[in-house]
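Here are some notes on the model, set out as numbered points. Please read them with the structure open.

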Amino acid sequence: MKRWAWIATIVFGVVLVLGAIGTWVMVSTTLSNQKITVAEDADCLAGARVRGPLSAYCQARVIEKHTLDITDGLTYAELDRDDPRRQTAMNSSFLQASLFTSVLAFGVSGLAALAGVLFVLIGLGMKDVAEKSGELDRAASP
């Protein structure tokens, strides 16, 4: 195996992990700066600050619950265009979508971190195989 192959694999893995950590911190910080608290009547994490994927999910769900209470169970698309509750339903949809997008971002960053760790392990495995086969010694000698 070429020396550059395992080095590139490890570097790629480290870049993935660092990008994942950066994304997680950015999304978490952005959510935290909004100072959102999960509503007290939520089914999960009631009263918690929205900072992570679980609290964002719980808040999105309770927003849906409140909106359906206000609109008598109708969604934005089901409300008549002249219905004054339609604006509330639209704002609710926007807020839910934003929170669900942050949940998705947390998931993707977690997946990227896992993939990065796997790439590092694969690269280390490639290096180990190269060392045991003597390929590294042959590459280092003139």
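**Notes on the predicted model**

1. L45 sits in the loop between α1 and α2. The model is a predicted one, and this residue deserves a look at its backbone: L45 is not a glycine, yet its phi is positive, about 50°. Most residues other than glycine have a negative phi. With a relative accessible area of 41%, L45 is partly exposed, because that value falls between the 20% limit for buried and the 50% limit for exposed.

2. D72 is a second residue to check on the same grounds. Its phi is positive, about 55°, although D72 is not a glycine. D72 belongs to the loop between α2 and α3. Is D72 buried or exposed? Its relative accessibility is 62%, so D72 counts as exposed.

3. The loop between α2 and α3 also holds D83. D83 has a relative accessible area of 18% and is therefore buried, the limit being under 20%. The side chain of D83 is joined to that of R85 by a polar contact of 2.8 Å.

4. D41 is placed in the loop between α1 and α2. At 34% relative accessibility it counts as partly exposed. Which residues does D41 touch, leaving aside neighbours within four places in sequence? They are V62, K65 and H66. With H66 there is a polar contact between the two side chains, at 2.8 Å. As for K65, its C-alpha atom is 9.6 Å from that of D41, and the two residues are 24 residues apart along the chain.

5. Q59 is a residue of helix α2. Its relative accessibility is 10%, so Q59 counts as buried. Not counting residues up to four places away in sequence, Q59 touches I36, T37, V38, A39, V50 and L99.

6. The largest pocket has a volume of about 220 Å³. It is lined by 14 residues, and those closest to its centre are L31, Q34, I36, S98 and L99. Three elements give two or more residues each to this lining: α1 (3–33), α2 (53–70) and α3 (85–133). Two of the residues closest to the pocket centre, I36 and L99, are also among the contacts of Q59.

7. Which element gives the most to the lining of the largest pocket? It is α3, with 7 residues. By class, the lining has 8 nonpolar and 6 polar residues. Charged residues are absent from the lining of this pocket.

8. The length of α3 can be checked against its residue count. At 1.5 Å a residue, its 49 residues should span 72 Å, and the end C-alpha atoms are 71 Å apart, so the two values agree. After α3 comes G134, with a positive phi near 80°. Unlike G134, the residues of points 1 and 2 have a positive phi without being glycines: L45 and D72.

Methods
Residues numbered from 1 in each chain as written. Predicted model: local features only at pLDDT ≥ 70, side-chain atom pairs only at ≥ 80, totals over all residues. Heavy atoms only, no water. 1 Å grid on protein atoms, 1.4 Å probe; cavity = no way out; pocket = protein on both sides within 12 Å on 5 of 7 lines; lining within 4 Å. Points joined across faces, edges and corners; volume = space filled by probe spheres on them. Helix = DSSP H or I, 4+ residues; strand = E, 2+ residues; numbered from the N terminus. Nonpolar A, V, L, I, M, F, W, Y, C, P; charged D, E, K, R; others polar. Buried < 20%, exposed > 50% of the residue type's maximum accessible area, 1.4 Å probe, protein only. Contact = heavy atoms within 4.5 Å. Polar contact = N/O pair within 3.5 Å; in protein donor to acceptor, adjacent residues only side chain to side chain. Expected span 1.5 Å × (residues − 1).
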